[in-house]
Amino acid sequence: MSTEPDLPTRLGADTSLEREVLAALAAVQDPEIRRPVTELGMVAAVTEVGDGVVAVLVCLTIAGCPLKDTLVDDVRAAAEAVPGVGRADVSLDVMTPEQRRALQERLRGSRPANPFGPDSLTRVIGVASGKGGVGKSTLTANLAVALTARGLSVGLIDADVHGFSIPGLLGIEAGPTRVEDMILPPVAHQVKVISIGMFLDEDRPVAWRGPMLHRALEQFVTDVYWGDLDVLLIDLPPGTGDIAISAAQLLPTSQLLVVTTPQHAAAQVAARAGQLARQTGQSVLGVVENMGPMTLPDGTVLDVFGAGGGAEVARRLTAALETDVPLLGTVPLEPAVRAGGDAGEPIVMTAHASPAAESLRAIAGRLAVRPDSLRGRGLPVSPR
Ligand SMILES: Nc1ncnc2c1ncn2[C@@H]1O[C@H](COP(=O)(O)OP(=O)(O)OP(=O)(O)O)[C@@H](O)[C@H]1O
């Protein structure tokens, strides 16, 4: 017997065509929540109004739902694909507070307050760097998209209080949607994203203190509806600091991924990353070298930022932490990487033949492999 609360619904589907349309709508997912609209109580009525014409009334979670056009298009397409339906007219209504509460309860279900606690099967990866400007956010955005392309369900927390660049890198303009005290994160290129920047006035400088950051991060973990994630990436601020410690406390299974350039500041980067790992008790999953050798149109290879820094950081971390810290890959310096970031379209989804895109996909492939400690516990790959 289901223990889930009943969603109040005014659904009426009496004729066989109406029932067939309703069944077809079970294939339509809410673009933010990523569960069937029928299961979420969002289809309020399906009515056969004339010869081959059906009217579908959809209830939005909030009036200004940023993805309502996508939802309307998806509902119309699914309804019009039913044999016998010539046209589907989709109209919109908004859930009542009572319906929203029921939806929240249904989504929360029996989930623990912190879905990323010690028993979580989600792979949590904090992306860190020794200093700013090494391309950490660009890499995080690209890796997130590359992981979704492998069929994984991916979430991304932008915790880089000094940057907040993730929404721009993924082309996100909409803010999150609130359903009572639950936050539905915007979804871009299949990645669920939340950023402190989404809750701030763009023009006001940020002077956050440790406890405020901790509280914000805590809310991202407990109040955001993440659904079942295979991977959660966190874009950490550069260097060591409060937020990295908070992230490690709130996400006890998280591991660190260290981004560096090939420059010979390797000793310093390794020392900082090592210090962070020791401070938080986290393991370092590996090192990614960004802004590596660039290939010019005539085939000449230019080491703009030198070479070998990534391997050196990996070697030093391996020695310092007394455990294998591999170099997971080198991403070349490539104008298309920057252009993709500026356009909000990560290069992994656009430039198929680009060496940088290929390297990023290969690194994502290595991250998608489960650590030994989780083998045998089942891989919760969620169908999308
Ligand atoms: N492989 C690359 N090729 C070309 N440009 C790159 C590459 N990686 C990053 N960039 C560019 O470098 C700049 C810095 O990148 P990004 O903002 O991702 O760095 P960051 O380490 O996250 O910085 P911060 O932590 O200070 O926010 C951006 O303009 C980005 O487009």
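# Group meeting talk: a first look around the ligand and the two domains

Hi everyone. Let's start at the ligand, which has 21 residues around it, the closest being Gly-132, Gly-135, Ser-137, Thr-138 and Gly-163. Which elements give two or more residues to that shell? They are helix 4, strand 12 (284–292) and helix 10 (335–343). If you sort the shell by class, you get seven nonpolar, 10 polar and four charged residues. Please keep in mind throughout that this is a predicted model.

Now a word from the record. An unreviewed UniProt entry lists a "binding site" made of Gly-130, Lys-131, Gly-132, Gly-133, Val-134, Gly-135, Lys-136 and Ser-137. Let me pick out two of those residues for you.

Take Lys-131 to begin with. You'll find Lys-131 in the loop that runs between strand 4 (123–129) and helix 4 (136–149). Is Lys-131 buried or exposed? Neither, quite: Lys-131 is partly exposed, because 15 other C-beta atoms sit within 10 Å. Setting aside residues up to four places away in sequence, Lys-131 touches Pro-238 and Gly-239.

Then there is Gly-135, in the loop between strand 4 and helix 4. Gly-135 has 21 C-beta neighbours inside 10 Å, so Gly-135 counts as buried. Beyond its neighbours within four places in sequence, Gly-135 is in contact with Val-259, Asn-290 and Met-291.

Let's step back and look at the whole chain. How many helices and strands does the protein chain have? The count comes to 12 helices and 15 strands. There are 384 residues in the protein chain, and buried residues make up 45% of them. As for the contacts with a separation of 6 or more, 76% of them are between residues 24 or more positions apart.

The chain is divided into domain 1 (16–108) and domain 2 (123–374). Measuring from C-alpha centre to C-alpha centre, the two domains lie 36 Å apart. Where they touch, 13 residues of domain 1 are in contact with 10 residues of domain 2. On the domain 1 side, the touching residues are seven nonpolar, two polar and four charged.

Next, the interior. In soluble globular proteins, nonpolar side chains tend to be buried together. Here the largest nonpolar core has 103 residues, and those touching the most other members are Leu-25, Leu-143, Ala-247 and Ala-273. Which element gives the largest share of this core? That would be helix 4, with seven residues. Both domain 1 and domain 2 take part, each giving at least three residues to this core.

Let me show you Ala-273 from that list. Not counting residues up to four places away in sequence, Ala-273 touches Ala-128, Gly-130, Leu-256, Val-258, Val-284 and Leu-317. You may recognise Gly-130 from the UniProt "binding site" list.

Back to helix 4 for a moment, where we find Leu-147. Why does Leu-147 count as buried? Because Leu-147 has 27 C-beta neighbours inside 10 Å, and 20 or more is enough to count as buried. Leaving aside neighbours within four places in sequence, the contacts of Leu-147 are Leu-152, Val-154, Val-231, Ala-364, Leu-367 and Ala-368. Leu-147 and Val-191 are 44 residues apart in sequence, with 9.1 Å between their C-alpha atoms.

For a stop in domain 1, look at Ala-55, which has its place in strand 2 (residues 53–60). Ala-55 is partly exposed, since 18 other C-beta atoms lie within 10 Å. Once residues up to four places away in sequence are left out, Ala-55 touches Thr-47, Val-49, Asp-89 and Ser-91. Ala-45 is 10 residues away along the chain from Ala-55, and their C-alpha atoms are separated by 7.8 Å.

I'll finish with two backbone details. Most residues other than glycine have a negative phi. Arg-34 is not a glycine, yet Arg-34 has a positive phi of about 65 degrees. Arg-34 is placed in the loop between helix 1 (16–25) and strand 1 (43–50), and with 19 C-beta neighbours inside 10 Å it counts as partly exposed.

Glu-322 also has a positive phi, near 55 degrees. Where is Glu-322? Look in the loop between helix 9 (309–321) and strand 15 (327–332). Glu-322 is exposed, because 8 other C-beta atoms lie within 10 Å.

That's the tour, and thanks for listening!

Key
Residues numbered from 1 in each chain as written. Predicted model: local features only at pLDDT ≥ 70, side-chain atom pairs only at ≥ 80, totals over all residues. UniProt positions renumbered as here; feature names shortened; annotations may be inferred. Helix = DSSP H or I, 4+ residues; strand = E, 2+ residues; numbered from the N terminus. Buried ≥ 20, exposed ≤ 12 C-beta atoms within 10 Å, placed from the backbone. Contact = placed C-beta atoms within 7 Å. Near = placed C-beta within 6 Å. Nonpolar A, V, L, I, M, F, W, Y, C, P; charged D, E, K, R; others polar. Core = buried A, V, L, I, M, F, W, Y, C linked by C-beta atoms within 7 Å. Domains from an automatic or database assignment.
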